[in-house]
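These are my notebook entries on a predicted model. I looked up the aromatic pairs, the charges over rings and the strand pairing.

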Amino acid sequence: MNSQLTAFITLGCTSGVLNLYLCLYVFLQRFNYTKIAHLFISYTALISIYCFASAFGLIATTLGAIKFWTAIQYAGMATSTPLGLLFIMRYLGFQLTRKKVIALLSIPFISLIMVATNDMHHFHYRVFEIDPVLGSPYIHQEIGVWYIIHGIFTFGCMFVAFLLIVKQWKETSKAYRKQLIALMCGQLIPMVTAFIYLLGLTPQGVDPVPMVLWASSLLYLWSISSSRLFSVMPITKDVIFHNINDGVIVLDESSRLIEFNQSCNQMFPQLSRSMFGMDFAQVWLQVTGQFMPFNLKAIENTQEIELNHINRTYQVRISALQHVNHGNGLLLIFTDFTEVKKLQHMLEQQAYYDELTQIYNRRAFFKHLETYEEATGFTVVLMDIDHFKHVNDTYGHATGDQLLVHVVKACQSELKNGQFFARYGGEEFVLTLKGYTLAEGEKLANQLCRSIETSPLMTIVGTIRATISCGVAEGKIGEESLYQLLNKADKALYAAKEAGRNRVHVYRE
């Protein structure tokens, strides 16, 4: 055995030993590592098989023995390359489905079968024999169709893995770049060596790749010890960006669309990457069918928008953004407020609306008057359904409830916008008329009385004729308290009842 062959065997065995050490080390520490450790264990174990089989193949003296060790090489080499790609993808945060894994491992499985049965079909090697000049264990080979397919697949896996790492370089913190360097070189070293081998620039009849894999193994060891590879994995900014629950849109200094995340795409399905570079006002019109409802110039503010065509409500936060290239842009963050608005509306209904009649309640009445400014003049009308207790006692509370709703609808048919109508309690109602004089309030109250008197309630127990009594008072905010004004209206209402009901009384000093 010449010294050159001894060197080849030594380098191959060294690569095998280092990868086996990596495999066992990570396996023993797997409980302390992240979930990608099992992929790395399988990856290094297969590389070890590849390297050791290559070394034993260089010791073989017969063609049969060389073919056997070549098949063993393919058991490790063919599968380790796509497994390395899967390892990189998982490391970078890609979701690996069973279909993806099976698809990537199908070609290596076929390649192994092709090599093991090559004498039957010669699809992988058209010629595979001991080199007539150099002798055993050097091989003279002529490649077949499947060798080309397998070579493209293998080279493609390493190249894609390398590109994925390069793509994440800028998005990864400097603290984790040692890990990327090790992973990058782990793909680059065998890829470059294989390319040189295919160009015929390496010793003839020998696969040089196992002889250089010790270098990538040392880089992995360096990364494990210096940057805690597997113990702490970086989360790239791109992964964070696309996993934010809020929709995010990035605009450049000219308000053109340059990026959006997956959540935003789910909120606005019509949004597509073909719109990159378009003015955002135009993008918004195409996506929603509406003109842009918010002002992009109002930086550092929060606005609320409603999209009626999809029945959604969004809170939009607009803030300035400094790009990497020192250009100024905008960041738009969309938070889905639909459920919050529904809850707010429901709570508002419960807090400020009467459950039976669906008009404002006593609390809403007092809340409304808080909006009046000092010296605001208004008229208040207190009204009460006459003989309501008699209706309840005679026909039951269900019919009494029907009567309450009937009276409300009769009043609403006579009222206009801006006239605040609320249930004050029981069978009492209150009406506030901002800017109305006492005479105008009295006129409207008489109109309500006539409307209710002439609109009887038709029920299954018969026709029920209802009337109301009203007390009207006038006042100004600040000159007297609200309770003083209501007390005046209550006195007028009492006077109307004492005078025979179904009438309006006005409080006068």
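**Entry 1. Aromatic pairs.** I counted the ring pairs and obtained 25 aromatic pairs. I then examined Phe-280 with Trp-284: their ring centres are 6.1 Å apart and their planes stand at 50 degrees, so I recorded the pair as tilted. An angle over 60 degrees would have been needed for edge-to-face, and one under 30 for stacked. Both residues belong to helix α11 (residues 280-288), and because they are four residues apart there, about one helical turn separates them. I checked the accessibility of the two and noted Phe-280 as buried and Trp-284 as buried.

**Entry 2. A pair across the chain.** I next looked up Phe-366 and Tyr-424. Their ring centres lie 6.5 Å apart with the planes at 45 degrees, so this pair too is tilted. Here the pair links distant parts of the chain, 58 residues apart. Phe-366 is in helix α13 (residues 362-369), whereas Tyr-424 is in strand β9 (residues 419-425). Are the two rings' residues buried or exposed? I found 17% relative accessibility for Phe-366, which therefore counts as buried. Tyr-424, at 13% relative accessibility, also counts as buried.

**Entry 3. Cluster.** I returned to Phe-280 and Trp-284 and asked which aromatic cluster they belong to. They form one cluster with Phe-268, Tyr-314 and Phe-334.

**Entry 4. Charges over rings.** I searched for charged side chains over ring faces. Tyr-424 has such a partner: the charged end of Arg-362 sits over its ring, 4.2 Å from the centre. I also recorded Arg-273, which lies over the face of Phe-260 at 5.6 Å from the ring centre.

**Entry 5. The sheet containing β9.** I followed strand β9 into its sheet. The sheet is open, has five strands and mixed pairing, and runs in the order β9-β10-β8-β13-β14. I noted β9 and β14 (504-506) at the edges; each has a single partner strand, so one side of each is left without a neighbour in the sheet. On average, neighbouring strands of this sheet are turned by 20 degrees against each other, direction ignored.

**Entry 6. β8 against β13.** Within that order I examined one neighbouring pair. How many bridges join strand β8 (residues 377-385) and strand β13 (residues 468-476)? I found nine bridges, in the antiparallel sense. For the residue register I recorded Met-383, which stands opposite Cys-470 in β13.

How values were computed:
Residues numbered from 1 in each chain as written. Predicted model: local features only at pLDDT ≥ 70, side-chain atom pairs only at ≥ 80, totals over all residues. Heavy atoms only, no water. Phe/Tyr/Trp six-rings, centres within 6.5 Å; stacked < 30°, edge-to-face > 60°. Helix = DSSP H or I, 4+ residues; strand = E, 2+ residues; numbered from the N terminus. Buried < 20%, exposed > 50% of the residue type's maximum accessible area, 1.4 Å probe, protein only. Lys NZ or Arg CZ within 6 Å of the ring centre and 35° of its normal. Pairing = 2+ DSSP bridges. Axes fitted to C-alpha atoms, helices over the stretch in contact; angles between N-to-C directions.
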